[in-house]
Amino acid sequence: MNRRANIFSLILLLAFALAASVPLWGPGIVNTRGGGDSPFLLQRIHQMAVNLRAGVFPVRWMPDAAYGLGYPFFSYYAALPYYLAGLLVVVGLDILSAVKITQTLGFLAAALAMYGWMRRLTARPWAAWLGAVAYTVAPFHLVNVYVRGDSLSEFYAFVFYPLILWVLDLPEGRPFRRFGIALAYAGLPLTHNISAFIFTPFVLLYVLMRRPDRRTLRDLGALGLGLLLSAWFWLPALGESHLAQLGAVTQGYFYYANHFRALNLVQDRFFFDYSLSSPDRTPFAIGLPQAIGAALGGPVLLVRLVAGRVGR
């Protein structure tokens with residue numbers, strides 16, 4: 001019975017994730033000019049495909065950018081999902097279809113990763129299904145596609161958050177578990193380097209919250225291996241930063257401190273407002289139901305963790 005419930009909940013979850021991607025499949029591309037710039041996806045994927053057709057790997061240069069002078073975009077912008085989209089173009093798809101398929105696969109992969117992690121935490125398939133559904137329709141997850149548009153890498157980072165935690169929670173004796181941890185963690189900086197900076201402290205805390213033992217040290221070693229596996233991207237980016245003019249991306253509008261949330265960290269209405277019409281109700285915020293759920297669930301989780309450790 002549990003197996004049938006698991007299969008049925010998975011099928012229903014995939015259908016739900018596909019439903020979240022339906023607006024992508026209208027004519028043309030989703031216009032996000034108000035909060036992002038989705039046409040950038042076309043340019044980036046085209047240049048990725050140009051490199052892959054020429055046998056270039058890793059891809060670091062956009063040869064036709066900057067009025068034909070070239071631009072080292074992929075040296076500094078983590079681009080794992082663009083490799084997927086570029087490969088789809090190389091095998092014969094048009095760029096627009098490659099964009100839509102890649103975004104749709106992002107919805108599916110994130111939902112499945114969250115479901116897998118939730119199944120490690122609960123024996124009830126429908127509880128895992130509910131967690132994965134909530135993750136799929138989390139406001140910022142949808143904002144990355146339908147408001148920002150050009151943030152494909154940040155959208156795909158949502159795949160790796162639960163995937164990393166899922167692999168960390170696998171039983172110790174599972175074959176290739178540590179290599180799986182390394183691969184899952186390597187995927188995050190290769191997908192979106194800023195998300196890796198933000199999420200890594202939470203991953204370390206998640207590992208260290210368990211009782212320190214040899215498994216903890218092995219897991220930390222696996223995460224270190226993941227960092228090494230992704231070094232082909234981040235090491236040249238750090239080593240060659242002095243060769244690029246990076247001031248423009250850390251000043252003015254792009255200065256990070258200008259984007260901290262204050263009282264508008266959480267929207268003040270139950271149903272999320274995705275519009276950009278009001279500066280006091282920005283879509284780059286947390287939904288009220290999600291904030292309430294986190295406020296209620298966080299203490300419960302801490303109590304359960306502490307009780308579990310005391311009971312050992």
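Guide: Helices here are DSSP runs of H or I with at least four residues, numbered from the N terminus. With that in hand, Ala 66 can be placed in the loop between α2 and α3. Please keep in mind that this is a predicted model.

Visitor: Before we look at that loop, what makes up the secondary structure of the protein chain?

Guide: The chain has 13 helices and zero strands. Following the sequence, the pattern is α-α-α-α-α-α-α-α-α-α-α-α-α.

Visitor: How do you know how compact the protein chain is?

Guide: The radius of gyration is 21 Å, and the globule rule gives 20 Å for 312 residues; the two values are close, so the chain is as compact as a globular protein of that length. Along the principal axes, the C-alpha atoms fill a box of roughly 65 × 45 × 40 Å. Of the contacts with a separation of 6 or more, 66% are between residues 24 or more positions apart.

Visitor: How much of the chain is buried, and what makes up its accessible surface?

Guide: Of the 312 residues, 40% count as buried. The accessible surface comes to about 17,300 Å², with 70% of that belonging to carbon and sulfur atoms.

Visitor: Back to the loop between α2 and α3. What makes the phi of Ala 66 worth a remark?

Guide: Most residues other than glycine have a negative phi. Ala 66 is not a glycine, yet its phi is positive, near 55°. Tyr 67 lies in the loop between α2 and α3 as well, and has a positive phi of about 60° although it is not a glycine either.

Visitor: Why is Ala 66 called partly exposed, and why is Tyr 67 called exposed?

Guide: Partly exposed covers the range between under 20% and over 50% relative accessible area. Ala 66 has 33%, so it counts as partly exposed. Tyr 67 has 88%, which is over 50%, so it counts as exposed.

Visitor: Where is Pro 58, and how do you know whether the peptide bond from Phe 57 to Pro 58 is cis or trans?

Guide: Pro 58 is found in the loop between α2 and α3. Most peptide bonds are trans. The bond from Phe 57 to Pro 58, with omega near -5°, is cis.

Visitor: Why is Thr 32 called buried?

Guide: Buried means under 20% relative accessible area. Thr 32 has 2%, so it is buried. Thr 32 lies in the loop between α1 and α2. Setting aside neighbours within four places in sequence, its contacts are Asp 37, Ser 38, Val 145, Tyr 146, Val 147, Arg 148 and Gly 149.

Visitor: And why is Met 209 called partly exposed?

Guide: Its relative accessible area is 28%, which is neither under 20% nor over 50%, so Met 209 is partly exposed. Met 209 sits in the loop between α10 and α11.

Visitor: What makes α4 fit in with its neighbours: which of its residues are buried, and which helices do they pack against?

Guide: Pro 81, Tyr 82, Tyr 83, Ala 85, Gly 86, Leu 88 and Val 89 are the buried residues of α4. They pack against α2, α5, α8, α9 and α12. After α4 comes Gly 92, with a positive phi near 125°.

Visitor: How do you know how many cavities there are?

Guide: Rolling a probe the size of a water molecule over the atoms shows where empty space is left. A cavity is a place where a 1.4 Å probe fits but cannot get out. The count comes to two cavities of 30 Å³ or more. About 110 Å³ lies in the largest cavity. It is lined by 14 residues, and Val 59, Phe 74, Tyr 83, Trp 232 and Phe 233 are the closest to its centre.

Visitor: Which helices supply the lining of the largest cavity, and what is its make-up by class?

Guide: α3, α4 and α12 each supply at least two residues, and α12 gives the largest share, three residues. By class, the lining has 12 nonpolar, one polar and one charged residues.

Visitor: What makes up the lining of the second largest cavity?

Guide: This cavity holds about 60 Å³. Its lining includes Ser 38, Val 145 and Gly 149, and those three residues are also in contact with Thr 32. Helix α5 provides the largest share of the lining, four residues. By class, there are seven nonpolar, four polar and one charged residues.

Note on methods: Residues numbered from 1 in each chain as written. Predicted model: local features only at pLDDT ≥ 70, side-chain atom pairs only at ≥ 80, totals over all residues. Heavy atoms only, no water. 1 Å grid on protein atoms, 1.4 Å probe; cavity = no way out; pocket = protein on both sides within 12 Å on 5 of 7 lines; lining within 4 Å. Points joined across faces, edges and corners; volume = space filled by probe spheres on them. Nonpolar A, V, L, I, M, F, W, Y, C, P; charged D, E, K, R; others polar. Buried < 20%, exposed > 50% of the residue type's maximum accessible area, 1.4 Å probe, protein only. Rg over C-alpha atoms; globule rule 2.2 N^0.38 Å. Contact = heavy atoms within 4.5 Å. Areas by Shrake-Rupley, 256 points an atom, 1.4 Å probe, with all protein chains shown as cover.
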